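Colleague: I should be grateful for a close look at a single part of this protein, explained for a student in the first year. Please choose one helix and set it in its surroundings.

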Amino acid sequence: MRHIISILMENEAGALSRVAGLFSARGYNIESLTVAPTEDVTLSRMTLVTRGSEEIIEQITKQLNKLIDVVKLMDLVEGPHVERELMLIKVKTSGAGAREEIMRLAEIFRGNVIDVTPTTYTIELTGNAEKLDAFIVALDKIPIMETVRSGVSAISRGAKALHI
C-alpha cells in the first residue's frame, strides 16, 4: 500500500541524509521525496512517499521517530489529505496542427505553456500523479523531449496539522 509520510524535522545539515540512510540500510524504497523549510526557519518539512504493508510502515515510522532530527511525523493516508505534484514537460511542436493540439490538451488539463520556441513547448502542470500520468498518455504521438516531476507535496485536510 502507498503511504505519504510527512515529517517535521530540524533544519540542519545532514538531516535528509540520515532519513535516506535509514531507508537504504533497511532496503526500503523511497518513491518520492520533497523537502523545504517551513514558516519556522529552524524546521523543515519532508514529504516522503513509500510503499509497504502496515507492519513495514509501522517499522519505518518507529525508526524515523528515533532519529534525533525528527520532531514529529504523520502518515497522511490515515486521514483525509490533499496531495499535488508539479510537472514540467517539454514537447516537440512539428507544425501548426501539433501546436494547436498541445495547446488544447494543456487547456483541458489546466496546464500552462510557460516557454515557447520555434520547435518546442514547455508545459507546467499541477495535480495528483494520476492526472499527470493521464496528460502524458494524452500526448499520444506528440514527441516528449523531457519530463521533470517535483514529487508529492501533501497536507492533511481540515483542522488536523503537523506542528509542534
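Modeller: What follows is an account of one helix, then of the parts around it and of the rest of the protein.

The model is a predicted one. It contains 4 helices and 9 strands, and along the sequence these follow the pattern β-α-β-β-α-β-β-α-β-β-α-β-β. The helix chosen here is α3, which runs over residues 96–108. Its 13 residues reach 18 Å from the first C-alpha to the last, close to the 18 Å expected at 1.5 Å a residue.

Which residues of α3 are buried? They are Ala98, Arg99, Ile102, Leu105 and Ala106. These residues cover an arc of only 130 degrees around the axis, and therefore they lie on the same side of α3. A general rule helps to read this spacing: an α-helix has 3.6 residues a turn, so residues three or four places apart point the same way. On the other side of α3, the exposed residues are Ala96, Glu100, Glu107 and Ile108.

What does the buried side of α3 pack against? Its buried residues pack against three strands, β5 (81–92), β6 (112–116) and β7 (120–127), and against helix α4 (129–139). Just after α3, Arg110 takes a positive phi of about 55 degrees.

The region that follows α3 also takes part in an aromatic pair; the structure holds 2 such pairs. In one of them, the rings of Phe23 and Tyr28 have their centres 6.2 Å apart and their planes at 75 degrees, so this pair is edge-to-face. Phe23 is buried, with a relative accessible area of 1%, whereas Tyr28 is partly exposed, at 23%. In the pair beside α3, the rings of Phe109 and Phe135 have centres 5.2 Å apart and planes at 75 degrees, so this pair too is edge-to-face. Phe109 belongs to the loop between α3 and β6, while Phe135 belongs to helix α4; with their positions 26 residues apart in sequence, the pair links distant parts of the chain. Both Phe109 and Phe135 are buried.

The nonpolar cores complete the picture. In soluble globular proteins, nonpolar side chains tend to be buried together. The largest nonpolar core here has 15 residues, of which Ile7, Val19, Phe23 and Leu64 touch the most other members. At least two residues of this core come from each of β1 (2–10), α1 (15–26), β3 (43–51), α2 and β4 (70–75). Helix α1 gives the largest share, 4 residues. Apart from this core lies another, of 14 residues, and among its members are Met87, Ile102, Leu105 and Tyr121. Ile102 and Leu105 were already named among the buried residues of α3.

Leu64 shows how a single residue can join many others: leaving out residues up to four places away in sequence, Leu64 touches Ile5, Ile7, Val19, Leu22, Phe23, Val70 and Leu73. Thr61, in helix α2 (residues 54–66), is buried with a relative accessible area of 16%. Beyond its neighbours within four places in sequence, Thr61 is in contact with Ile5 and Leu73.

For the protein as a whole, buried residues make up 38% of the 164 residues. Among contacts between residues at least 6 apart in sequence, 73% join residues at least 24 apart.

Key
Residues are numbered from 1 along each chain as its sequence is written. This is a predicted model: local features need pLDDT of at least 70, side-chain atom pairs count only at pLDDT 80 or more; totals for chains, interfaces and linings use all residues. Side-chain values use heavy atoms; hydrogens and water are left out. The expected span of a helix is 1.5 Å times one less than its number of residues. Buried means under 20% relative accessible area, exposed over 50%, partly exposed in between (1.4 Å probe, protein chains only). The arc is that of the directions from the helix axis to the C-beta atoms. Contact means heavy atoms within 4.5 Å. A nonpolar core is a set of buried Ala, Val, Leu, Ile, Met, Phe, Trp, Tyr and Cys residues joined through side-chain atoms within 4.5 Å. Rings of Phe, Tyr and Trp (its six-membered ring) pair if their centres lie within 6.5 Å; planes under 30 degrees apart count as stacked, over 60 as edge-to-face and the rest as tilted.
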